[in-house]
Number of protein chains: 2
Amino acid sequence: MGSLDRSLIAGLSVFEGLAATDLDRIVGQARSLRIAKDQPVFEQEQEAHSFFLLLDGHVRVVKSTPDGHEVTVRYISPGELMGIAHALGRTTYPANAIAAVDCVALAWPSHLWPTLAANFPSFSANTYKTVGSRLQDAHTRVIEMSTEQVDQRVAHALLKLVKQTGKKTEEGILIDFPISRQDIAEMTGTTLHTVSRLLSAWEDQGLVKSGRQKVTVVEPHRLLLIAEGRAEKS
Amino acid sequence: MGSLDRSLIAGLSVFEGLAATDLDRIVGQARSLRIAKDQPVFEQEQEAHSFFLLLDGHVRVVKSTPDGHEVTVRYISPGELMGIAHALGRTTYPANAIAAVDCVALAWPSHLWPTLAANFPSFSANTYKTVGSRLQDAHTRVIEMSTEQVDQRVAHALLKLVKQTGKKTEEGILIDFPISRQDIAEMTGTTLHTVSRLLSAWEDQGLVKSGRQKVTVVEPHRLLLIAEGRAEKS
DNA sequence: CGACGCCTTGACGTTTATCAACCCTCGTGG
DNA sequence: CCACGAGGGTTGATAAACGTCAAGGCGTCG
């Protein structure tokens, strides 16, 4: 499998600035694995034995609250790291990670992190850069939840997904994995009912096309107006 | 300034695991500064020239949105790092930091970070551990905003402040810096009106005592019940 | 002493969750 | 191959939670 993987991997931003031999040395210590749709990659509170690099597929990261609510923290796309608890001084995973579709990933034993970080400074710097942008994302999310109405938050979430995983089709830009109203609700802190109503309304206005576990954004620009609260109400 | 500072500093968790000479080497490269109440330590979008260690006082970290809302990200207490944008691959500060009271801090030029991190691995590990717990905090905040009602969030915020900066008094535990209804509103994503009503109601029930820019928690345990949604409505 | 900043409280309206009922469609097993 | 069942989606009615608007009080600092 080596060579196919390597060509896929070399261009990833996690490995930016690494010499080819270093890259081989790092990747050589990983095992590759596949995760079937709806199977967990890792689970909340579990011992963080490995960290992962998603090569193909999409993974949903979810936190469960004691009282049964589920909040989706983020979706992981190919090329992104996940489960890097160890780099942040944690010994357990902070959330559940579930394959939204069949996935392929590389996994490193967590105990390798200190050595890898010490030997390959640009690998470590790249990693912390993604940590930084996740912290940023989380704060953005807090701000959205604090200051925006539900329709704005849902619009923002759709646009983020489109940017992350959008795939051009004849009808518009499709979010490239199965996503339900419930999923969107868990990303935006609302209920599937409200999401359903919003999508219905937007479909009537020609902004989106949606179906069973499928959303296509037809007019990103108008959706952005809603996201920014600069759209007159219907 | 050396000796007085050093005894204060040696016990801080950021410096855990460092030899005394290493600590001197690190602290020796910092300059100490004082910030007057209501003055900025650093500002959003500004070039991140330095990172800081708060020695005394309290700093409020706030993000401003384009449309004029302000969201308080966190309060920094003595012993905590702030402005560590550089360690996360950013070149500008992500938020405003404002002294809630007169403060004392150490400041290192940001460009020292890579060398410090490389030379003192436990310093770097400690730093990333605090980054990890802030990421954690941010996610907790998102979850609270997604699943809890305003009264629960305000109760949680007060309890967090009490834990962070609580000072025992005869009447209960006092939050040890001036904090207005507006400030609490900005932490919890609500309005000063709602916070005022809640505090009034809680005061009637003997849970808290509050006055101008001052909150004392009298019965943390009952407040926790509210925070967890396990309290019957008045 | 006056004015500004902070706090309080009432009345009202909107947003959005909740409750309830129903439809559609896809996949599975008889 | 068809029937049916579960999971996903839609939509209406209702009500609660909370923001908004408005007015006024109180204390503190210049």
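**View 1. Helix α7(A) at the surface near DNA strand D.** In this predicted model, α7(A) gives the most to the surface near DNA strand D, contributing 4 residues. It has a partner in the other chain: α7 (192-204) of chain A and α7 (192-204) of chain B each supply at least two residues of that surface.

**View 2. The residues around DNA strand D.** Here you can look for the 19 residues that surround the strand. The closest are R181(A), S196(A), V150(B), T190(B) and T194(B). Sorted by class, this surface holds 12 polar, 6 charged and 1 nonpolar residues. Which parts of the DNA do the protein's neighbours belong to? Of the atoms of DNA strand D within 4 Å of the protein, 62% are sugar or phosphate, and the rest belong to bases.

**View 3. Polar atoms close to DNA strand D.** Start with R181(A): an N or O atom of its side chain is 2.8 Å from a phosphate oxygen of the strand. Q213(A) uses its backbone instead, with an N or O atom 2.9 Å from a phosphate oxygen. In chain B, a polar side-chain atom of Q149(B) lies 3.1 Å from a sugar or linking oxygen.

**View 4. The two sides of α7(A).** This helix has 13 residues and spans 18 Å from its first C-alpha to its last. Its buried residues are V195(A), L198(A), L199(A) and W202(A). They sit on the same side of α7(A) because they cover an arc of only 95 degrees around the axis. These buried residues pack against α5, α6, β11, β12 and α8 of chain A. On the other side, R197(A) and D204(A) are exposed. After the helix comes G206(A), with a positive phi near 75 degrees.

Definitions and conventions
Residues numbered from 1 in each chain as written. Chains lettered and ligands numbered in written order. Predicted model: local features only at pLDDT ≥ 70, side-chain atom pairs only at ≥ 80, totals over all residues. Heavy atoms only, no water. Near = heavy atom within 4 Å. Polar contact = N/O pair within 3.5 Å; in protein donor to acceptor, adjacent residues only side chain to side chain. Nonpolar A, V, L, I, M, F, W, Y, C, P; charged D, E, K, R; others polar. Expected span 1.5 Å × (residues − 1). Buried < 20%, exposed > 50% of the residue type's maximum accessible area, 1.4 Å probe, protein only. Arc of directions from axis to C-beta. Contact = heavy atoms within 4.5 Å.
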